[in-house]
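Please read this report alongside the sequence and the coordinates. It moves from single residues to cores, domains and cysteines.

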Amino acid sequence: MSGLAMPKPDAETLRRRAEIVADMRIIVPGEGVVDAANEMRAFESDGLTAYRQLPLVVVLPETVAQVSRVLKYCNERNIRVVPRGSGTSLSGGALPLEDAVLLVMSRFNRILTIDYPNRLVVAQPGVTNLGITTAVEQEGFYYAPDPSSQIACSIGGNVAENSGGVHCLKYGLTANNVLGIEMVLMNGEVVRLGGSHLDQEGYDLLGVMTGSEGLLGVVTEVTVRILK
């Protein structure tokens with residue numbers, strides 16, 4: 001793609017690919033690791049399809065513990081990690097790298113809590129944007145941010161990109177509708193930012209994380225406000 005300069009691949013990481021793939025299979029057993037070139041084609045780009053690159057390996061964790069172990073492993077060995085939601089980004093937010101583990105969060109796809117009295121939903125990051133509204137619309141509620149890809153884009157990706165939509169003119173972007181998150185730092189530490197209401201006291205670390213495109217950590221749980 002003209003004008004797009006990607007980081008130079010690390011030769012040592014490429015040389016150790018077989019070892020890294022084997023270790024990923026230990027951390028995420030079963031069908032959670034994809035390393036065959038023909039199977040990784042589905043992950044070679046996000047919505048920015050002008051750029052295509054097969055990742056080092058694709059890893060699809062199912063638990064926070066697995067995410068933590070993958071990130072800690074990669075951090076200790078200086079291996080790049082690219083988090084990915086549904087892959088609908090048009091800003092290059094989830095572009096794969098030749099020497100990077102592509103950490104796909106699509107298996108985190110459950111709504112954990114619906115709290116109508118407090119007007120909030122707790123969801124895993126792989127739940128779609130529209131999926132939140134669908135889960136609460138029978139009670140007359142909805143989730144306000146509505147990007148054009150809302151039928152497919154994930155709420156975790158919305159946090160990473162600070163997504164908006166036509167409703168953002170009245171209700172704000174994702175940053176104005178996310179109450180709290182659980183995230184895993186690159187060293188494997190699990191932390192929580194925010195809580196169950198807007199404008200928590202102290203530094204606005206939740207605001208820093210929202211829109212950071214996965215550079216600061218991997219979101220594993222999102223609490224959003226719902227409106228009526």
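## Thr220 in strand 9

Strand 9 spans residues 218-225, and Thr220 sits in it. The model is a predicted one. Is Thr220 buried or exposed? Its relative accessibility is 2%, so Thr220 counts as buried.

The side chain of Thr220 has a polar partner. That partner is the side chain of Glu182, at 2.7 Å. Glu182 also appears among the contacts of Thr220 beyond four places in sequence. Met183 and Val184 are on that list too. So are Val64, Val67, Met105, Phe108, Gln124 and Pro125.

## Ile226 after strand 9

Ile226 belongs to the segment that follows strand 9. Relative accessibility here is 1%, so Ile226 is classed as buried.

Which residues does Ile226 touch, once those up to four places away in sequence are set aside? They are Tyr116, Arg119, Leu120, Val121, Ile132, Val136, Phe141 and Tyr142. Val121 shows the sequence separation involved. Ile226 and Val121 lie 105 residues apart in sequence, yet their C-alpha atoms are 7.0 Å apart.

Arg119, one of the residues touched by Ile226, has its own backbone feature. Its phi is near 55 degrees, a positive value in a residue that is not glycine. Arg119 lies in the loop joining strand 5 (111-115) to strand 6 (120-123). Its relative accessible area is 39%, so Arg119 is partly exposed.

## Thr13 and Asn78

Thr13 is part of helix 1, residues 11-15. With a relative accessibility of 2%, Thr13 counts as buried. Its side chain makes a polar contact of 2.8 Å with the side chain of Asp10. Beyond four places in sequence, Thr13 is in contact with Ile20, Leu56, Asn78, Ile79 and Asp99.

Asn78, one of those contacts, has a positive phi of about 55 degrees, although it is not a glycine. Asn78 lies in the loop between helix 4 and strand 3 (80-84). Is Asn78 buried or exposed? Asn78 has 67% relative accessibility and therefore counts as exposed.

## Two nonpolar cores

The largest nonpolar core has 22 residues. Which of them touch the most other members? They are Met24, Val59, Val67, Val70 and Leu103. Four elements each supply at least two residues of this core: helix 2 (17-27), strand 2 (57-59), helix 4 (64-76) and strand 4 (100-104). Helix 4 gives the largest share, five residues.

Met24 reaches several partners distant in sequence. Beyond four places, Met24 is in contact with Val33, Val59, Val70 and Tyr73. Another core lies apart from the largest one. This other core has 21 residues, including Val136, Met183, Val191 and Met209. Val136 is also touched by Ile226, and Met183 is in contact with Thr220.

## Two domains and their interface

The domain assignment gives domain 1 as 11-104 and domain 2 as 111-227. How many Å separate their centres? Taken over C-alpha atoms, the separation is 23 Å. Across the interface, 17 residues of domain 1 are in contact with 16 residues of domain 2.

The size of an interface is often given as the accessible area lost when the parts come together. Domain 1 and domain 2 bury about 1200 Å² between them. Carbon and sulfur atoms account for 64% of that area. On the domain 1 side, Val64, Leu71 and Thr88 supply 33% of the area buried against domain 2, more than any other three residues. Val64 is also a contact of Thr220.

## Cysteines

How many disulfides does a search of the whole structure find? The search finds zero.

Why does Cys153 form no such bond? The closest cysteine sulfur, in Cys168, is 13 Å from the sulfur of Cys153, which is too far for a bond. Cys153 has a relative accessible area of 3%, so it is buried. Cys74 is buried as well, with a relative accessible area of 0%.

Technical notes:
Residues numbered from 1 in each chain as written. Predicted model: local features only at pLDDT ≥ 70, side-chain atom pairs only at ≥ 80, totals over all residues. Heavy atoms only, no water. Core = buried A, V, L, I, M, F, W, Y, C linked by side-chain atoms within 4.5 Å. Buried < 20%, exposed > 50% of the residue type's maximum accessible area, 1.4 Å probe, protein only. Contact = heavy atoms within 4.5 Å. Polar contact = N/O pair within 3.5 Å; in protein donor to acceptor, adjacent residues only side chain to side chain. Disulfide = S-S within 2.5 Å. Domains from an automatic or database assignment. Buried area = accessible area lost by both parts, 1.4 Å probe.
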